[in-house]
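Hi,

Here is the structure I promised to pass on. Have a look at it first, and then read my notes underneath.

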Amino acid sequence: MLDYRFIKENLKEVKENVEKRRVKANPELVAELYDKRNSLIHDIEDLRKKRNENSSKISGKLSSDERTVYVEKGKELKVKIAELEDELSKIEKELYIEALKIPNMSHPDAPVGEGEEDNREVKKWGSVPSFDFKPKDHVELGKILDIVDFDTATKVSGQKFYYLKNEGVYLELALVQYALDTLRDEGFVLTITPDIAKDEIASGIGFNPRGKESNIYHLEETSTCLVGTAEITLGGYYANSFISPSALPVKMAGLSHCFRKEAGAAGKFSKGLYRVHQFTKVEMFIYSHPLQSDKMHEYLLSIEEKIFQGLGLPYRIVDTCTGELGGPAYRKYDIEAWMPGRGETGGWGEVTSASNCTDYQARRLNVKLKEDGKKMFVHMLNGTAIAVSRAIVAILENFQQGDGSVKIPSVLTKYSGFKEIERKV
RNA sequence: GGAGAGAUGACCGAGAGGCCGAAGGUGCACGCUUGGAAAGCGUGUGUACCCCAACAGGGUACCGCGGGUUCGAACCCCGCUCUCUCCGCCA
């Protein structure tokens, strides 16, 4: 979230940004509530001061008459204070809820726009494969290679679940290892994170753990949820703490499962592995000095590129437009890999996303840094190293052969133990 | 899951209704001392928010979290969470 005072003092800019982001939020109301809150606090503190003075008089030697007077006075003050405190807590609740709706400010260079079509393509890498046969999509390939089974998963778990089978299993593990090795070499601290997190952590990151629109699964009778990404568990790692400036940037990688409800997300590009309720992902996370975060953002993107270049997958980089940034991001780069099975002629499909969330998450999670006696919130960034299910889509579809077999990127073979997957049916 | 013990500032640790934002110690910072260092001495050393031009000053709150009792609560009462020990269960 943004700082209340910042909202009030930069009302014009915040309003403009809300427009750019295409979100429903009311910065003016926040500023108003903030003022109301402050004046209430002022009054309450004043009364509390009186109460403290009054009660300290009672501790001295007093006649019983005097004593009674002060006690009565104290009782009066107590009632008044309680009234104002009730009012304050209402206002604060409202203020908080309203402030939460306000998105992060946007990077001046982020393209302004509404939807996908307004994203700015900043780079293309590799060449889109041309086939001398009609390429299959990954669903069909998964079936004939006998490595992905949707039908049984639908019976057992429901729609948008899948079993990985046979080489599919090794393919997932190989991708994970490849990503982890890459990140280890980059000096990241490797972790396997919990797949469950407390609501307060999830919402600190910017996920709404409850509610119908929420994309994440809340666990009944607990105040926890299944993580939609390890961004949550990695971002919670340093919640409520100070990080020493000399330790920055803190670079962490987290392997986790990701669970997403994806309610109402059915669509033409949602088939197969592209949009599923559960997948495995290696996530990168950086706690950065505020002055370094733009640079760290580029760094995360460069690692993502390295990983996809290593896999030999053609991709493009997109600078996400303001309407698509989501609440916490200040700027976001997506990598979209070429997916020949997408639509009639193939298309780009998002495989990674790197966001600079500046201090938006750190403020709620209370992750600070003290430098020269000054305290500030750290900047938090996240990026996908490998979202396994989507990487599999791209690999199967790009590296398919005329006979339906699929060649495996050479960087993976030392982990997978095979160079290609042969057709089984 | 059952039983017990505990949760105080960066850390250790006092405290058992008003004199406590909190003794003492350690650590840390600065200064003195020294050829230099150690020791020693002195001073300082939490967080958040509000007022304010002010990292000058003032105020309020915070002793795990949330309620309650009281004129007044770190201290009393209730609920919760977490940690430790023992038992059970178990990959």
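To start with the RNA: how far does a polar side-chain atom of Arg-5 lie from a phosphate oxygen of RNA strand B? In this predicted model, the distance comes out at 2.7 Å. Lys-368 also reaches a phosphate: an N or O atom in its side chain is 3.0 Å from a phosphate oxygen of RNA strand B. Ser-55 goes for a base instead, with a backbone N or O atom 2.8 Å from a base nitrogen of the RNA.

Zooming out a bit, 21 residues surround RNA strand B, and the nearest of them are Arg-5, Tyr-34, Ser-55, Ile-58 and Lys-78. By type, the residues of this surface split into 12 charged, six polar and three nonpolar. Helix 3 (27–58), helix 4 (64–100) and strand 13 (367–371) each give two or more residues to it, and helix 3 contributes the most, with 11. On the RNA side, sugar or phosphate accounts for 69% of the strand B atoms within 4 Å of the protein, and bases make up the rest.

The other thing I looked at is a pair of helices. Helix 5 (residues 138–145) packs against helix 12 (residues 388–398) at an angle of about 80°, and their axes are 9 Å apart. The angle therefore makes helix 5 roughly perpendicular to helix 12. From helix 5, His-138, Leu-141, Gly-142 and Leu-145 take part, and they meet Val-393, Leu-396 and Glu-397 of helix 12. Four of the residues in this contact are nonpolar, two are polar and one is charged.

Cheers

Note on methods. Residues are numbered from 1 along each chain as its sequence is written. Chains are lettered from A and ligands numbered from 1 in the order in which they are written. This is a predicted model: local features need pLDDT of at least 70, side-chain atom pairs count only at pLDDT 80 or more; totals for chains, interfaces and linings use all residues. Side-chain values use heavy atoms; hydrogens and water are left out. Axes are lines fitted to C-alpha atoms, for helices over the stretch in contact, and angles run from 0 to 180 degrees between N-to-C directions. Helices (H or I, at least four residues) and strands (E, at least two) are DSSP runs, numbered from the N terminus. Angles under 35 degrees count as roughly parallel, over 145 as roughly antiparallel, 65 to 115 as roughly perpendicular and the rest as oblique. Contact means heavy atoms within 4.5 Å. Ala, Val, Leu, Ile, Met, Phe, Trp, Tyr, Cys and Pro count as nonpolar, Asp, Glu, Lys and Arg as charged, and the others, Gly among them, as polar. A residue is near a molecule or strand if one of its heavy atoms lies within 4 Å of it. A polar contact is a pair of N or O atoms within 3.5 Å; within protein, one must be able to donate a hydrogen and the other to accept it, and residues adjacent in sequence count only if both atoms are side-chain atoms.
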